[in-house]
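This report goes through one structure, from a single helix out to domains and the contact between chains. The sequence and structure come first.

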Amino acid sequence: MTHVPCPWDEQFARLVIAALPAAARHDAAPLTVDHDLSQAGLESMATVELLIRLETAYGVRFPEHLLTGGTFATPGDLWEALQSLREDAKDTEGPTDARR
Amino acid sequence: MTQTKAPAQTKAPAQAQTQPLGQTQTQTQSQSQTQTQTQPQTIPGLLAAAVAARPGAPAVRDRHGRWTYAQLDARAQAFAAWLAERGVRRGDRVLARVGNVREFTAVLFGTLLHGAVLVPVNPAMKRFHLAPVATDCDPVLAIGQGADADLLAELTGRPAYELGTLWRTVEERAERAERGEDPAYAYEDPYEYGAPAPDDLALLIYTSGSTSAPKAVVSPHAPAVFATRAIDARLGYRAADKVLVALPLSFDYGLYQILLSVLAGAEAVLTEADQHVWLYGALREYGVTVVPLVPSLAEMLLRLAGRDDGEAPPVRLFTNTGAALTGPVIAGLRAAFPGAAVAPMYGTTECKRITVLEPDGDLERPGSVGRALPGTEVLVLADDGTALPPGSTGQIAVRGPHVMSGYWRAPEQTAQRFRTDPATGEVTLHTGDYGHLDGDGHLYFEGRRDDLFKRRGVRMSAVEIEAAALDVPGVEAAAVLAPDDGIDLTLFAVTRLAPDGVLRGLGERLESAKVPAVCRVVDALPLTPNGKTDRRHLRRLVEAT
């Protein structure tokens, strides 16, 4: 297990853990940066749900080049991608509406 | 590497191993010969025709690249030569546990070109199921990806090869052949290698979930090619199509997309599960026009379409089988993909496909899975085996050249499902599914035998209760477990409603005997690797409490 302190907020951890199958949630909490999400049972449909929940919660839109297995590989990877989008959003016009 | 020598095989071991059906195979052959005198009757024949017609057209792509028909052919031949060098002979089984990558298509055509038999196995299959499959199919060698090759060696007791490693040899050979330095494949011998006959065994396809022991459907070339052609006659794949293969290639619905695509001279676009968060973008990027769907894939696609404000991908046709799409999902697809038609279908691996509804035929006949494939017959039988008139519910049975040869090394199970008329020799496949026909021969599927049951003296089907549950606003998915062994009728629902709310909604829609005693709200229905509801898993959930 990693010793890197977890960088994310509570909402992120809650959404990621909720996306895992019930049986894997206990092992995933507390969430660590390098937890293997696919190993933990994060399936494609749950990945899509997680994507949409993160976009709604943080007011961002993941561009197509970030819609890869790599982005969703670990909580650390996913948080990093999310942070880069939030910074982009700040740089431009403030928090954008992720949904039409 | 040396291999354990397989027992000496004579020509066409397929027939020897499915002895009781020899009679039917002869008949099947004569039927298909009269129908398709000049058309290819083997799976490699389909590829050869496509290569002759359009060598430079794209045949298959995956995330790593793309092959034309000529390139696919060169790699199939090079793989066949690789098998020959490892002592593989006509009728030998080659187990391939490979994801949705281009190499699979070359392994498929190469194995069959060599006269050997391909056993595709899902990489998602767990050891619990894989172990019996690995011994049941009795392969001469196995192919896996990464560390999985070691597991296959252990479970089969035969040589197992890592795909990426062996592919370097195959690719080099294919490239030498493309430069004209070597023939890619030069092994033709009527007893040992090459040039399969229409009645030779082509595929062993393990069916998922219905019984505890692994069970493979024995598929010769002729019925597979007949089924491919008959499906295409109804659906009409085109040379310009890009056909999505997001379903596992080990699942016959996924596998036959390759055959349909090659028959049409189209391009197959292979994707793997970890790419599916990008599925909607992939459809647009690759210009996908034909999308075969199981319900879970359809729901995912709709969720992704809902967050995308770009142009809709150019999909013109959605097909569905395996498990039926619900009405709201079909309506959602039509809304999100203007111009796309939807073609519900119904089938079973034992004859590949039974019915196909013409694209958009559901608008006129909602709930129907279509008419029998051209050149085949669908019957609805009473318990005593006599044919029932339209409107009556009974067991769905099938006759025609698409009926496969039975189950691998399981004569009793074969005799039970593939019933031969002692007088005519004709085989009637008893599907174990129930349904009825309308006056025009359109079939309505009502459920598996196991899904039909009596409660408080009332006959009912899981399908009707599930359909009523889906009609309750707020219920996204539903599965019913029949009463069994002291456990009453149970509903599993994916919903934001409370369990009582779901049951109340059902009470408004169904007579009281059909309203489940218990509703359990779950995050998602457990699925088998092929995207069907995993009822055994649900049963275990109930038993655990």
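What should the 15 residues of helix α9 (residues 221-235) of chain B span at 1.5 Å a residue, and how far apart are its end C-alpha atoms?

## Helix α9 of chain B

The model is predicted. The expected span of helix α9 of chain B is 21 Å, because the rise is taken as 1.5 Å a residue, and the end C-alpha atoms are 21 Å apart, in agreement with that value.

Of the 15 residues of α9(B), 13 are buried, so the helix is largely enclosed by the rest of the structure. Gly236(B), just after α9(B), has a positive phi of about 65°.

## Nonpolar cores

The largest nonpolar core has 172 residues, and the members that touch the most others are Val94(B), Ala96(B) and Val245(B). Helix α4 (residues 69-85) of chain B is the top contributor to this core, giving 11 residues. A second core, separate from it, holds 21 residues, among them Ala477(B), Ala478(B), Val502(B) and Val515(B). In soluble globular proteins, nonpolar side chains tend to be buried together.

Leaving out residues up to four places away in sequence, Val245(B) touches Asn100(B), Gly254(B), Gln257(B), Ile258(B), Ala268(B), Val269(B) and Leu270(B).

## Domains of chain B

Chain B is split into domain 1, made up of 30-42, 221-400 and 415-448, and domain 2, covering 456-543. Their C-alpha centres lie 26 Å apart. Across the boundary, 12 residues of domain 1 of chain B are in contact with 10 residues of domain 2 of chain B.

On the domain 1 side of this boundary, the elements giving two or more residues are α12 and β20 (443-448) of chain B. α12(B) gives the most, with three residues. By class, the domain 1 side has seven nonpolar, four polar and one charged residues.

## Contact between chains A and B

How many residues does each chain bring to the contact? Chain B and chain A each supply 16 residues. On the chain B side, helix α12 (residues 295-306) gives the most, with five residues. The chain B side divides into six nonpolar, four polar and six charged residues. Helix α12 of chain B thus appears at the contact with chain A and also at the boundary between the domains.

## Confidence in chain A

Chain A has a mean pLDDT of 85, with 86% of its residues at 70 or more. Over residues 94-100 of chain A, pLDDT stays under 50, and for this stretch the model has 13 contacts beyond four places in sequence.

Methods:
Residues are numbered from 1 along each chain as its sequence is written. Chains are lettered from A and ligands numbered from 1 in the order in which they are written. This is a predicted model: local features need pLDDT of at least 70, side-chain atom pairs count only at pLDDT 80 or more; totals for chains, interfaces and linings use all residues. Two residues are in contact if their C-beta atoms, placed from the backbone, lie within 7 Å. Helices (H or I, at least four residues) and strands (E, at least two) are DSSP runs, numbered from the N terminus. Ala, Val, Leu, Ile, Met, Phe, Trp, Tyr, Cys and Pro count as nonpolar, Asp, Glu, Lys and Arg as charged, and the others, Gly among them, as polar. A nonpolar core is a set of buried Ala, Val, Leu, Ile, Met, Phe, Trp, Tyr and Cys residues joined through C-beta atoms within 7 Å. A residue is buried if 20 or more other C-beta atoms lie within 10 Å of its own, exposed if 12 or fewer, and partly exposed in between; C-beta atoms are placed from the backbone. pLDDT is the predictor's confidence in each residue, from 0 to 100. Domain bounds come from an automatic or database domain assignment. The expected span of a helix is 1.5 Å times one less than its number of residues.
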